[in-house]
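User: Hi, I have just been handed this one and have never looked at it before. Could you walk me through it while I ask questions?
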Amino acid sequence: MAKYVGALDQGTTSTRFMIFDHSGTVAGVDQKEHEQIFPKPGWVEHNPLEIWERSQEVIRGALQKAGCSASDLAAVGITNQRETTVVWEKSTGKPVHNAIVWQDTRTDTICNELAKDGGQDRFRAKVGLPLATYFSGPKVRWILDNVPGAREKAERGEILFGNIDAWLIWNLTGGPDGGQHVTDVTNASRTMLMNLETLDWDEEILGILGVPRAMLPTIRSSSQVYGDARGDLAGIPVSGDLGDQQAALFGQTCFAVGEAKNTYGTGNFLLLNTGNKPIQSKSGLLTTLAYKIGDQPATYCLEGSIAITGALVQWLRDNLGLIKNSSDIEALAATVDDNGGAYFVPAFSGLFAPYWKSDARGVIAGLTRYVNKGHIARAALEATAWQTREVVDAMNADSGVTLTSLRVDGGMVYDELLMQFQSDVLGVPVVRPKVAETTSLGAAYAAGYAVGFWSKEEELRANWGVDHTWEPKMAAAERDKEYHFWKKAVTRTFDWVEN
């Protein structure tokens, strides 16, 4: 009898395979980074073949580290960077272009053209999303318009599109030799092409964007068997698929209406479970799918997406050489007592929630001769907390429910200074679970649920436990003053790019 479930977690900067036992404990993990490609300012690409190669390497590595074989796995789930767009040849598996990453802003002209008729919220009632460079639909359109021969091949059904999840599932289940071309509702809801009510591709929007239906994957539930794996995982059911943020919501067991989590990764993503009906945001949030289990009704959520959080720490490391390792940021920030009056708004690829301004660019405001590298490091960490505060304010306004505590996960939640500051600026407790890498765990849960490895939600809830809680310590007056200056700094990023 199988003892474990595997999760292939394909993120913006790295890929890992994690193996969990029935209690949700990690039995093995392997992780590898992949190249970040920046062809032009605002453009971000990945090599899909490198990502598939890394995926195979970490599957082998994790199995070895766990001391088990593929036959010990009951199932495998996929979770992925969501809006990153891959278009590839059906017969060869060769991408027609590098993957265009969710942070990429090259589609701003396409989005502006689409907004001329109906504004930024032209499709929002149907898809829950504003017109923004973030989403996959305009990226597919760009590839079809700019790669010679791509549109003709798409019309003939010779090339396929998917977010990274669809690319991985297709390759895992055989690739050119019978690979399953599927996605789940959570990933489909990030394309700007899926209707929230029907959970199917929207013919009108496909026509307006010029995306042939023949290249699109079949939309399935987040937890069901899509096919059996080949290769290193031969014969194992591939039975879970969730976009990374929805996977973290699932891994945090936020199954009840009003439960929320915040993931601290390359960007930050705060999701609130709103139940079986989509709630349209009036405050700059996204209406999106939370998950769909088998043939049960879909669960929806509100999401606040922040483009740059952990990526700002990487930028300080890689572009400025301010730190040697990302983990050094906390020690550098701790060399000073406050930000020295400096505020860092990392609008490197525009501003996401709640502003949705693709013409914004990053600023450091409030600089004086007093400010040193410790203040810059602290301002960078504080930027993550302030951006989260803006999203929480929007969520409280939209949902009518005031957040009473925040469940957190992701790589940055081990930064004590940041987590304390997060609690301070929200004025509520911040709670880290025992397994902070809940993205992989959520994908494993969805996969295991589909094959009966876990049979009910109560089993998953029982696995969740508190590791640490931070309580707010900052005085309200101090919080309000700091927030005022943060908001002021944000306005300085607006309208920087002029078309």
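User: How many bridges join strand 1 to strand 5, and do they run parallel or antiparallel?

Analyst: In this predicted model, strand 1 (residues 4-10) and strand 5 (residues 73-80) run parallel and are joined by six bridges. Strands here are DSSP runs of E with at least two residues, helices are runs of H or I with at least four residues, and both are numbered from the N terminus; two strands count as paired if DSSP finds at least two bridges between them.

User: Which residue is the bridge partner of Asp9 in strand 5?

Analyst: The partner of Asp9 is Thr79.

User: And what about strand 1 and strand 2, how are those connected?

Analyst: Strand 1 and strand 2 run antiparallel with six bridges between them, and the two form a hairpin with three residues in between. Within that pairing, Val5 has Phe20 of strand 2 as its bridge partner.

User: Is strand 2 mostly covered or uncovered?

Analyst: Strand 2 (residues 14-20) is mostly covered, since seven of its seven residues are buried, where buried means under 20% relative accessible area, exposed means over 50%, and partly exposed lies in between (1.4 Å probe, protein chains only). Ser14, Arg16, Met18 and Phe20 point one way, while Thr15, Phe17 and Ile19 point the other way. In a regular strand the side chains alternate between the two faces of the sheet.

User: What comes on to strand 2 from strand 3?

Analyst: Strand 2 and strand 3 are antiparallel and share seven bridges, with Ile19 paired to Gly28 in strand 3. Their hairpin has five residues between the strands, and Gly24 there takes a positive phi near 80 degrees.

User: So what is the order of the strands in that whole sheet?

Analyst: It is an open sheet of six strands in the order 3-2-1-5-12-11, with mixed pairing. Strand 3 (26-33) and strand 11 (223-228) are at the edges and have a single partner strand each, so one side of each has no neighbour in the sheet. From one strand to the next, the twist averages 25 degrees, with axes taken as lines fitted to C-alpha atoms (for helices over the stretch in contact) and angles running from 0 to 180 degrees between N-to-C directions.

User: Which helix lies across it?

Analyst: Helix 6 (residues 164-172) lies across strand 1, strand 5, strand 11 and strand 12 (237-243), and runs at about 145 degrees to strand 5.

User: There is another sheet too, right? What is the strand order of the one with seven strands?

Analyst: The open sheet of seven strands has the order 15-16-14-13-19-20-21, again with mixed pairing. Its edges are strand 15 (286-291) and strand 21 (466-470), which have a single partner strand each, so one side of each is left without a neighbour in the sheet. The twist here averages 30 degrees from one strand to the next.

User: How do strand 20 and strand 21 pair?

Analyst: Strand 20 (residues 430-433) pairs with strand 21 in the antiparallel sense over four bridges, and Pro433 stands opposite Val466. Helix 13 (residues 416-426) packs on this sheet, touching strand 13 (260-264), strand 19 (406-409), strand 20 and strand 21, and makes about 55 degrees with strand 21; contact means heavy atoms within 4.5 Å.

User: Changing topic, how many disulfides does the structure hold?

Analyst: The structure holds zero disulfides, a disulfide being a pair of cysteine sulfur atoms within 2.5 Å. For Cys301, the nearest cysteine sulfur is that of Cys254, 10 Å away.

User: Is Cys301 buried or exposed?

Analyst: Cys301 is buried, with a relative accessible area of 1%, and Cys68 also counts as buried, at 12%.

User: Anything I should know about how these values were made?

Analyst: Because the model is predicted, local features need pLDDT of at least 70 and side-chain atom pairs count only at pLDDT 80 or more, while totals for chains, interfaces and linings use all residues. Residues are numbered from 1 along each chain as its sequence is written, and side-chain values use heavy atoms, with hydrogens and water left out.
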